[in-house]
Amino acid sequence: MTVYESDLPGVGKKHEIELGDGSQLVIVTHNTGKREVFRRATPDADSEKLLELPDQLARQVGTILEGAYFQPVRSQSIETLLGGDTVIEWVEVPEGSDLDGTTLGEADLRQETGANVIVVQRGETTITNPGGDTELRAGDTLLAVGPREACQTFESLVTGE
Amino acid sequence: MVEFSLLELGELFVAVAVAGALGARLGLSVIPLYVVVGMFASPFVAGRLGLPYVLPGETLTLLAEVGIVLLLFFLGLEFSLDRLLAAKTNITRAGVIDIVINLPIGVVIGLALGWSFVEALLLGGIVYISSSAIITKSLIDLGWIANAESEPILGTLVFEDLVIAVYLAVVTSLVLGGDGLGSLARSLAIAFGFLGLLLVAVQYGTRFFSAVLDVQDPEPFVLRTLGVLIPIAGFALSIGVSEAVAAFFVGMGFSTTEHRERIERRLVGIRDVFAAIFFFWIGVNTDPRLVVAAAVPLAIAVVLTAPTKVISGYYGGQVYDLTPKRSLRVGLGLVSRGEFSLVIAALAAQGTGTVMTELIPAFAVGYVLVMSTLGTVLMGESDRVETLVFRTKTETAAAD
């Protein structure tokens, strides 16, 4: 599958996706957030408008298409964005958590759960690839990556539930 | 001084609101309609009919000026040097084809009418510059935006935007610089000196622009943007430099910050309000009888410059390897002239002599009315135009 991206000065961006049967899906993302979806039957044909979505709705539809809400068949051929069973989990460190004040090294979350913290989000600050000496605080949002089950363990450990 | 009262401002908003509603119903661009309602509300029409009318006083002129500044500011905001460089070969080729055909034809028409070189150059600019606002809206309305022809069309518009910034800087000096080569050289030096400084500030001032706008609440955000933009534009004007070009550069300065989208979202409404006032003001200043008096240059310009845009656009499409049919659409798509032709006319009105103060502004209004309508119709009826053009072509080919 090839996706062509091009700029539309003053309007936004255009993505063209080849559908395999010779037709193309064209998605115009306006700077306002509006998405317009077109289909072009042949490369030379005029684009036919299929639908138009506001920003929020477009994101929701996108998530459904991605399979985040529902995966019809759990098999090798259906993969999440990261491939296989790997997922990304967002977890906030609650107030009064044991983790508040400890470093990542001390908490040793990877050994405990099998999920690896890749980002610590603290307000406006983003700590990427945090080291063992990174101190955790209540209110931080941790991004962990790992197998689905490990991420579930991770979530319950951090939230203390 | 002519008084411009709150009541008259009220009339203005009623008029442009009605024009906007009419435009939406008829599927026409609002820009020419704002100008037309302005003309109706002017002393020349409403005044003569004994109806309440709006006088083009200093206050209205000032508000219209803010409209020009915001229009060009948004142009700068949207204008990305990186984008131009990324697609530079295609955009430049299409843009050069566009300018070498359409600017000279206007200058030649002006000179043939016996106008001075500066007057002819103003005419050249008016017929050269296509309307980004009208064309972009038509592209979206017709769904062409998802087709291949949208790229050369938008690319050419970007090229024109850059040209118009340089053009306005030069022409402002020519119009306002006074007589004599010495004073002209001085005003050109001031213009390019100031704009050069501004460009350096823009190039290296990303952090400054970012820091100024680093605020959460929408109100201080909008006020700070205007607090940077309006003083710089005003200062430029006070030293005889185009306020529009200064605004364009400030826009470019803000475009490199992470606040670009937020500015567009927050200020688009303000721009639309002041732009509507600007178009209305253009109308209020226009005596329809002068437009009629400009009928000869107007007819010549329409007959010559509609086809030249189609031709230059066609070859622009060819640069992008489009099929003949789509290349023709590029040409049809670029026919509409609008806001920037009127900005040039507003500049001309500040000059001296009846050609600049009366004829060119009246010409520009008539020209924009015709070309924006013609351009929109040509785009809407492109199928018929295609059949017409290509059938004729095959017949000629067969006859050979």
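**Exercise 1. Decide whether Glu149(B) is buried or exposed, and then trace its salt-bridge partner.**

Glu149(B) has a relative accessible area of 0%, and because buried means under 20%, this residue is buried. The structure is a predicted model, and the values in these exercises are to be read with that in mind. The next step is to look at the partner: the side chain of Glu149(B) meets that of Arg329(B) in a salt bridge, with 2.7 Å from N to O. Glu149(B) lies in the loop between α8 and α9 (150-176) of chain B, whereas Arg329(B) lies in helix α17 (residues 324-333) of chain B, so the pair ties together parts that are 180 residues apart in sequence. Arg329(B) also counts as buried, at 1% relative accessibility.

**Exercise 2. Compare the salt bridge of Asp287(B) and Arg289(B) by its length and by the exposure of each residue, and then find which residues are joined into one network.**

Begin with the distance: the side chains of Asp287(B) and Arg289(B) meet at 3.8 Å, N to O, which is a salt bridge because the cut-off is within 4 Å. Turning to exposure, Asp287(B) is buried with a relative accessible area of 8%, while Arg289(B) is exposed with 55%. As for the network, salt bridges that share partners join Asp44(A), Asp46(A), Glu149(B), Arg326(B), Arg329(B) and Glu386(B). Over all chains, the count comes to 24 salt bridges.

**Exercise 3. Work out the strand order of the open sheet in chain A and state which strands are at its edges.**

The five strands of this open sheet follow the order β1-β2-β3-β4-β5 in chain A, and their pairing is antiparallel. The edge strands are β1 (3-8) and β5 (48-53) of chain A, each of which pairs on one side only. From one strand to the next, the twist averages 20°. Looking at one pair in detail, strand β4 (residues 35-40) of chain A is joined to β5(A) by five bridges, and the two run antiparallel. Within this pair, Glu36(A) has Glu52(A) of β5(A) as its bridge partner. The side chain of Glu52(A) in turn forms a salt bridge with that of Lys49(A), at 2.7 Å from N to O. Both ends of that salt bridge are partly exposed, Glu52(A) with a relative accessible area of 41% and Lys49(A) at 42%. Finally, helix α1 (residues 55-66) of chain A lies across β4 and β5 of chain A, running at about 105° to β5(A).

**Exercise 4. Describe the surroundings of Ala233(B) and Ser138(B), giving the helix and the contacts of each.**

Ala233(B) belongs to helix α12 (residues 218-238) of chain B and is buried, with a relative accessible area of 3%. Leaving out residues up to four places away in sequence, Ala233(B) touches Val69(B), Glu243(B) and Ala246(B). Ala233(B) and Ala244(B), 11 residues apart in sequence, are 7.0 Å apart from C-alpha to C-alpha. Ser138(B), for its part, sits in helix α8 (residues 132-142) of chain B and is buried at 8% relative accessible area. With the same neighbours in sequence left out, Ser138(B) touches Thr376(B) and Met379(B).

**Exercise 5. Identify which residues make the nonpolar surface patch of about 390 Å², and place Val296(B) in its helix.**

The patch is made by Leu113(B), Val296(B), Ile300(B), Val303(B) and Leu304(B). Val296(B) is located in helix α16 (residues 295-319) of chain B, and at 54% relative accessibility it counts as exposed.

Notes:
Residues are numbered from 1 along each chain as its sequence is written. Chains are lettered from A and ligands numbered from 1 in the order in which they are written. This is a predicted model: local features need pLDDT of at least 70, side-chain atom pairs count only at pLDDT 80 or more; totals for chains, interfaces and linings use all residues. Side-chain values use heavy atoms; hydrogens and water are left out. Two strands pair if DSSP finds at least two bridges between them. Helices (H or I, at least four residues) and strands (E, at least two) are DSSP runs, numbered from the N terminus. Axes are lines fitted to C-alpha atoms, for helices over the stretch in contact, and angles run from 0 to 180 degrees between N-to-C directions. Contact means heavy atoms within 4.5 Å. Patches are made of residues with over 30% relative accessible area and no salt bridge: like charges are joined within 9 Å, nonpolar side chains (Val, Leu, Ile, Met, Phe, Trp, Tyr) within 5 Å. Accessible areas come from the Shrake-Rupley method with a 1.4 Å probe; for residues, only the protein chains shown count as cover. Buried means under 20% relative accessible area, exposed over 50%, partly exposed in between (1.4 Å probe, protein chains only).
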